[in-house]
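Reader: I have a structure open in front of me and I am not sure where to begin. Could we walk through it together?

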Amino acid sequence: MRTDDFWQLIDQARAGGGGAAGAVAARAVALLAERDAADIIGYARHQRRVMAASHRAELWGAAYLINGGASDDGFEYFRGWLMTQGRQVFARAVADPDSLAELPKIRQAALTGEEFEAEAMLTVAEEAYRKATAAELPPVEEVPYPELGEFWDFDDEDEARRQLPKLAALFVEAPQE
């Protein structure tokens, strides 16, 4: 599966339903299950590359600020949610995590405390393969995650302001009513 095909499927899954992450994941499973087994395996391979490319300390810091914390699994699930936002938002967030502060739902979350995770997006290929073939997805080669290097202290408010000023203005500073 090519990059464009991967993101087109996610865009199709995003259509309708108000963009709720769980609904996007369910529609992605249904759409992918209609394809042949090779396409489903291709989706799984591509998703692993997308997850590896987004394994960045700066993005983890953004997830931490937005969700009020992010464990290893929480960061994975945040990137699952980020996939549900589509290719453009995903790519921009990987390149510039502070750009997430421009999304209306992130701005709203600064007031509501809503958290953004979509674990179900990480199992789309497995669910679709099972639905399409009544068998388990065969092993797909692992894509190694890059080293993160040194983390900054996500709980250090001054460092958060330096690293992610737009997000810090939303999640570190007192909310402006």
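**A walk through the helices**

Author: Happy to! Let us start at one residue: leaving aside neighbours within four places in sequence, alanine 63 is in contact with Gly68, Gly69, Ala70, Phe75 and Phe78. Please keep in mind throughout that this is a predicted model.

Reader: Which helix does alanine 63 lie in, and is it buried or exposed?

Author: Alanine 63 sits in helix α4. A residue counts as buried when its relative accessible area is under 20%. The value for alanine 63 is 0%, so this residue is buried.

Reader: How far apart in space are alanine 63 and alanine 118?

Author: Along the sequence, 55 residues separate alanine 63 from alanine 118. In space, going from C-alpha to C-alpha, the separation is 13 Å.

Reader: Let me step back to the whole protein. How many helices and strands does the secondary structure come to?

Author: Reading along the sequence gives the pattern α-α-α-α-α-α-α-α-α-α. The count is therefore 10 helices and zero strands.

Reader: How compact is the protein for its 177 residues?

Author: The globule rule gives 16 Å for 177 residues. The radius of gyration of the protein is 17 Å, which is close to that, so the protein is as compact as a globular protein of that length.

Reader: What does the C-alpha trace span along its principal axes, and what share of the residues count as buried?

Author: The trace spans about 50 × 35 × 25 Å along those axes. Of the 177 residues, the share that count as buried is 45%.

Reader: Among contacts between residues at least 6 apart in sequence, what share join residues at least 24 apart?

Author: Contact here means heavy atoms within 4.5 Å. Among contacts between residues at least 6 apart, the share that join residues at least 24 apart is 71%.

Reader: What about the surface: what part of the exposed area do carbon and sulfur atoms supply?

Author: The protein exposes about 9000 Å². Of that area, carbon and sulfur atoms supply 47%.

Reader: And the charges: how far apart are the mean positions of the positive and negative ones?

Author: The protein has 18 positive and 32 negative charges. Taking the mean position of each group, the two points are apart by 8 Å.

Reader: Now for helix α5. How does its span agree with 1.5 Å a residue?

Author: Helix α5 covers residues 72–83, which makes 12 residues. The expected span is 1.5 Å times one less than the number of residues, so α5 should span 16 Å. Its end C-alpha atoms agree with that, being apart by 17 Å.

Reader: Why is α5 described as largely enclosed, and what covers its buried residues?

Author: Of the 12 residues in α5, 10 are buried, so the helix is largely enclosed by the rest of the structure. Those buried residues include Phe75, Tyr77, Phe78 and Trp81. Their cover includes α1, α2, α3, α4, α6 and α7.

Reader: Which helices do the buried residues of α3 pack against?

Author: First, its length: the 17 residues of α3 should span 24 Å, and its end C-alpha atoms are 25 Å apart, which agrees. Among its buried residues are Ile40, Tyr43, His46 and Val50. The buried residues of α3 pack against α1, α2, α5, α6 and α8.

Reader: Where is alanine 101 found, and which residues does it touch?

Author: Alanine 101 is in the loop between α6 and α7. With 3% relative accessibility, it counts as buried. Not counting residues up to four places away in sequence, alanine 101 touches Ile106, Arg107, Lys166, Leu167 and Leu170.

Reader: Is alanine 134 buried or exposed, and what is its phi near?

Author: Alanine 134 belongs to the loop between α8 and α9. A residue counts as exposed over 50%, and alanine 134 has 73% relative accessibility, so it is exposed. Its phi is positive, in a residue other than glycine, and lies near 60°.

Reader: Last one: where is proline 104, and what is its relative accessible area?

Author: Proline 104 lies in helix α7, which covers residues 104–112. Proline 104 is exposed, and its relative accessible area is 63%.

Definitions and conventions: Residues numbered from 1 in each chain as written. Predicted model: local features only at pLDDT ≥ 70, side-chain atom pairs only at ≥ 80, totals over all residues. Heavy atoms only, no water. Helix = DSSP H or I, 4+ residues; strand = E, 2+ residues; numbered from the N terminus. Buried < 20%, exposed > 50% of the residue type's maximum accessible area, 1.4 Å probe, protein only. Rg over C-alpha atoms; globule rule 2.2 N^0.38 Å. Areas by Shrake-Rupley, 256 points an atom, 1.4 Å probe, with all protein chains shown as cover. Lys, Arg positive; Asp, Glu negative; His and termini not counted. Charge placed at Lys NZ, Arg CZ, Asp CG, Glu CD.
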